[in-house]
Amino acid sequence: MLGGLNTRVMMEYLPEIWQGFLATLFLSTVGFVGAMALGVLACALTIQPLRWLRAPAVIYVDTIRATPLLAQLYFLYFGLPRLGIVLPEMLIGIIALSLNSGAYMAEIIRSGILSIPRGQVEAGMSTGLSYMQRMRLIVLPQALRTTVSPLIGQAIVLVKDSSLLSLISVVELTRAGQRIAIDRFMPVEGLVATALGYLMLYYALKSAAGAWQARNSIPGRG
Amino acid sequence: MVWFYLERIFGYWPVLLKGMGMTIGLSLLSLVIGVVIGFGFGIIRAGHNRWLSRVLGLYIDFFRGTPFLVQVFIAFFILPVIGIELSAFAAGVVALSNMAACFIGEIVAAGLKAVPSGQSEAAIASGMTRAQQMRLVVMPQAVRIITPSLVGQFVLLIKDSSVVSAIGLLDLTRAGWLIVQSVPNGLLVFGIVGLGYFIICYPLIHLSRRLERRSQAAFL
């Protein structure tokens, strides 16, 4: 079916595809760091007892989770200039990606922390550990072991989501593939090259998640 | 000032309504097709035929590993090359239900594997055929396990349907995109678009959480 693939054209555009690949890698990495920061903050706010601090975090997480990234992206892209904030498309894209993934990461971290059996915390209390000590010595080390894999899963989602930035004309892997489609009228070649780039990142992250899981799963708790 | 814009945006209510209808229709249709094919995929993936499972695994990996936008382009631009000419709507349904089937397939396979093997052994011992085992013993238990994730997957599907706006299909997101060209207030326009999605998705997210809590309680 793809026997007539024009590999010569694909090779010719290889530098551009590579640039796009690097741009996708960059966007995803920066987006991941931003999302992590937001996720930890939102999670910390949702599990602490003060209601007026909890409410904004819950609203943030629920709003993001109930609306599509593309609508969020357009909201910022068409909306920020309205407020007199003019940013380069790439920065808008990174902000949207971080805001979006941050909400999911907050949920992942939260469920990791809540999955620690109550008895563990109580045992810590009865040996006289303070709240911070219990968190640092008992809860977080175990939570970390179970949350790393889902966090890598979210990184996979983030890499794929970054393709939507092509719709606000950020040049990344998807956009680079479209160059071949537009310049040479060869959509198949462009899309194959694009898909291969994403699959490389997917398999790398997927095997990383699997390796972590195999090493760090807590016996008896899946 | 806000009222002025709101009035202008609501002057476009037929477009918004049409977009909302398209988002719901497209999602529902793809959901039904995706669930049917997804359960088939899941049974094959959890089944005994190693080779079939592996080949299907590669297919599923391809669609789990590439962005949905790229898949929409594949349905719209590559399928015609091999002789399958699709309208934007048909391409959207094909791409969306195919991706849903891949994700649901993995969920179903995980659910089937989570049912203790003693259950199917007991079914064999009581003389059931393979089909009976699946239909009467294993699948009902698997469905209970995976229902919360399935509902979560539906939410993802509805949100992913926004991406088909990239090939010009008039869904809720595209409606917003069109309106913002003549009413230059992105915050309001996409605030309203977001509200539309929120109304559809939020109850489902709630349902998924409730189901999850209930099924956790059932296993404790």
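User: Which helix of chain B holds R135(B), and is R135(B) exposed or buried?
Analyst: Happy to start there, keeping in mind that this is a predicted model. R135(B) lies in helix α7 of chain B. A residue is called exposed when 12 or fewer other C-beta atoms lie within 10 Å of its own. R135(B) has 12 C-beta neighbours inside 10 Å, so this residue of helix α7 counts as exposed.

User: What separates the C-alpha atoms of R135(B) and R54(B) in space?
Analyst: Along the chain, R135(B) and R54(B) are 81 residues apart. In space, the separation between their C-alpha atoms is 24 Å.

User: Which pattern does chain B follow along its sequence?
Analyst: Chain B contains nine helices and zero strands. Reading along the sequence therefore meets helices alone, and the pattern is α-α-α-α-α-α-α-α-α.

User: What share of the contacts in chain B between residues at least 6 apart joins residues at least 24 apart?
Analyst: For context, chain B has 220 residues, of which 40% are buried. Its C-alpha atoms fill a box of roughly 75 × 50 × 25 Å along the principal axes. Among the contacts between residues at least 6 apart in sequence, the share joining residues at least 24 apart is 75%.

User: Why can α4(B) be described as largely enclosed by the rest of the structure, and which elements of chain A help to cover it?
Analyst: The count of buried residues gives the reason: α4(B) is largely enclosed because nine of its eleven residues are buried. Among them are F68(B), Q71(B), V72(B) and F76(B). From chain B, the cover includes α3, α5 and α7. From chain A, the cover includes α8 and α9.

User: Which element gives the most to the side of chain B that touches chain A?
Analyst: The contact takes 33 residues from chain B and 29 residues from chain A. On the chain B side, the elements giving two or more residues are α3, α4, α8 and α9. With twelve residues, the one that gives the most is α9(B).

User: How many nonpolar residues are on the side of chain B that touches chain A?
Analyst: Let's sort that side by class. It has one charged residue and nine polar ones. The nonpolar count is 23.

User: Which helix provides the largest share of the largest nonpolar core?
Analyst: The largest nonpolar core has 110 residues, and those with the most contacts inside it are Y74(A) and V72(B). The largest share of this core is 15 residues, and it comes from helix α5 (residues 88–114) of chain B.

User: Which residues does Y74(A) touch, leaving aside those up to four places away in sequence?
Analyst: Y74(A) is one of the residues with the most contacts inside the largest nonpolar core. Leaving out residues up to four places away in sequence, its partners are G176(B), W177(B), G186(B) and F190(B).

User: Where in chain A is S169(A), and is it buried or exposed?
Analyst: Phi of S169(A) is near 60°, a positive value in a residue other than glycine. This serine is found in the loop between α7 and α8 of chain A. It has 11 other C-beta atoms within 10 Å, so S169(A) is exposed.

User: How many other C-beta atoms lie within 10 Å of F185(A)?
Analyst: F185(A), in the loop between α8 and α9 of chain A, also has a positive phi, near 60°. F185(A) is exposed, and the number of other C-beta atoms within 10 Å is 9.

Notes:
Residues are numbered from 1 along each chain as its sequence is written. Chains are lettered from A and ligands numbered from 1 in the order in which they are written. This is a predicted model: local features need pLDDT of at least 70, side-chain atom pairs count only at pLDDT 80 or more; totals for chains, interfaces and linings use all residues. Helices (H or I, at least four residues) and strands (E, at least two) are DSSP runs, numbered from the N terminus. A residue is buried if 20 or more other C-beta atoms lie within 10 Å of its own, exposed if 12 or fewer, and partly exposed in between; C-beta atoms are placed from the backbone. Two residues are in contact if their C-beta atoms, placed from the backbone, lie within 7 Å. Ala, Val, Leu, Ile, Met, Phe, Trp, Tyr, Cys and Pro count as nonpolar, Asp, Glu, Lys and Arg as charged, and the others, Gly among them, as polar. A nonpolar core is a set of buried Ala, Val, Leu, Ile, Met, Phe, Trp, Tyr and Cys residues joined through C-beta atoms within 7 Å.
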